[in-house]
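Dear colleague,

I am passing on to you the structure that we discussed, together with a short account of what was found in it. Please look at the sequence and the model before reading on.

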Amino acid sequence: MTEIRRYADAQSLAQASAEWVIQVANESISEFGRFRIALSGGSTPKAMHKILASEPLKGQVDWSKVKIYWGDERSAPPDDERSNYRMAMETLLNHIPIPSENIHRIEGEFEPEEAATRYGRMLKAIGEPLDLILLGMGGDGHTASLFPHTEALNEDKHRCVANYVQKMDTWRITMTANPMINQARLIVFLVSGEGKAEVLDKVLNGPYQPEVYPSQLIKPVNGKVLWLVDEPAAKHL
Ligand code: 6PG
């Protein structure tokens, strides 16, 4: 099931997204005693992270019951400026009382295949779907590190794979659409800015061509996908 929520601008999108994360976190904690969330990389989540890391929202969840994962990572060490883990530490995790053992980063310092295997084993060991997977969407329609015309789009066995991205001549480590992301109880895309408007319309309203627009692969098996977008990104919808 797909739902789209529109917000006036990037800041109100960030605020609404942060409030939504807290709401889902508290629902998960009261139902299951824990909240497992996968963060996204890129720049869009930063504003939301900063709101989550500040009062009043910061004090509205028991962070000791929150487990942090990532949907993807660059093939880089954790202190590298490209690291999604580093971005999340700087904008959120260093500012909240979350135990370090609750933070499960993708080990980008390993060779990509090794990093992906290690992470996939850890995800498999959880034995249950994640409660929330946050995703961004690139201007080319990619999500996580599922880029157009790349191998990872066709994966249907492993939860996490190494994915070579020709156009950037770089390796990424990414959760797969299947069997990983689409098993989540809730998937939330955060999309902001006029630069995403054309591709957002194609992804949501255009023909199904996931090789070209990998975000179209995201179709939860039992869960729900929620698009939180600002008006500049939504202008063609
Ligand atoms: C990454 C992200 C990637 C990101 C999109 C959107 O590792 O870069 O996981 O999928 O979400 O590229 O990025 P922006 O939010 O910067 O537009």
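The notes below begin with the ligand and its surroundings and then turn to three individual residues.

Please bear in mind throughout that this is a predicted model.

The ligand

The ligand is located in the largest pocket. There are 16 residues around it, and those that come nearest are Ser-43, Thr-44, Asp-72, Ala-144 and Lys-196. By character, this shell consists of ten polar, four charged and two nonpolar residues.

Several side chains place a polar atom close to an oxygen atom of the ligand. For Lys-196, the distance between a side-chain N or O atom and a ligand oxygen is 2.7 Å. For Asn-84, the corresponding separation is 3.0 Å. For Ser-40, a polar side-chain atom is found 3.2 Å from an oxygen atom of the ligand. As for coverage, the ligand taken alone would expose 410 Å², of which the protein buries 87%.

Asp-72

Asp-72, one of the residues that come nearest to the ligand, belongs to strand E4, which covers residues 72–74. Is this residue buried or exposed? Asp-72 has a relative accessible area of 5%, and because buried means under 20%, it counts as buried. Its side chain also makes a polar contact with the side chain of Ser-145, at 2.5 Å.

Arg-34

Arg-34 is part of the loop that lies between helix H1 (10–32) and strand E2 (35–39). Its relative accessibility is 10%, which is under the 20% limit, and Arg-34 is therefore classed as buried. From Arg-34 to Val-165 there are 131 residues in sequence, and the C-alpha to C-alpha distance in space is 35 Å.

His-104

Where is His-104 found? It is in the loop between helix H3 (84–91) and helix H4 (112–126). The relative accessibility of His-104 is 24%; since this value falls between the limits of 20% and 50%, the residue counts as partly exposed. His-104 and Tyr-119 are separated by 15 residues in sequence, and their C-alpha atoms are 8.7 Å apart in space.

In summary, the ligand sits in the largest pocket, with 87% of its exposed area buried by the protein. Of the residues described individually, Asp-72 is buried, Arg-34 is buried and His-104 is partly exposed.

With kind regards

Conventions
Residues numbered from 1 in each chain as written. Predicted model: local features only at pLDDT ≥ 70, side-chain atom pairs only at ≥ 80, totals over all residues. Heavy atoms only, no water. Near = heavy atom within 4 Å. Polar contact = N/O pair within 3.5 Å; in protein donor to acceptor, adjacent residues only side chain to side chain. Areas by Shrake-Rupley, 256 points an atom, 1.4 Å probe, with all protein chains shown as cover. 1 Å grid on protein atoms, 1.4 Å probe; cavity = no way out; pocket = protein on both sides within 12 Å on 5 of 7 lines; lining within 4 Å. Sits in = over half its atoms within 2 Å of the grid points. Nonpolar A, V, L, I, M, F, W, Y, C, P; charged D, E, K, R; others polar. Helix = DSSP H or I, 4+ residues; strand = E, 2+ residues; numbered from the N terminus. Buried < 20%, exposed > 50% of the residue type's maximum accessible area, 1.4 Å probe, protein only.
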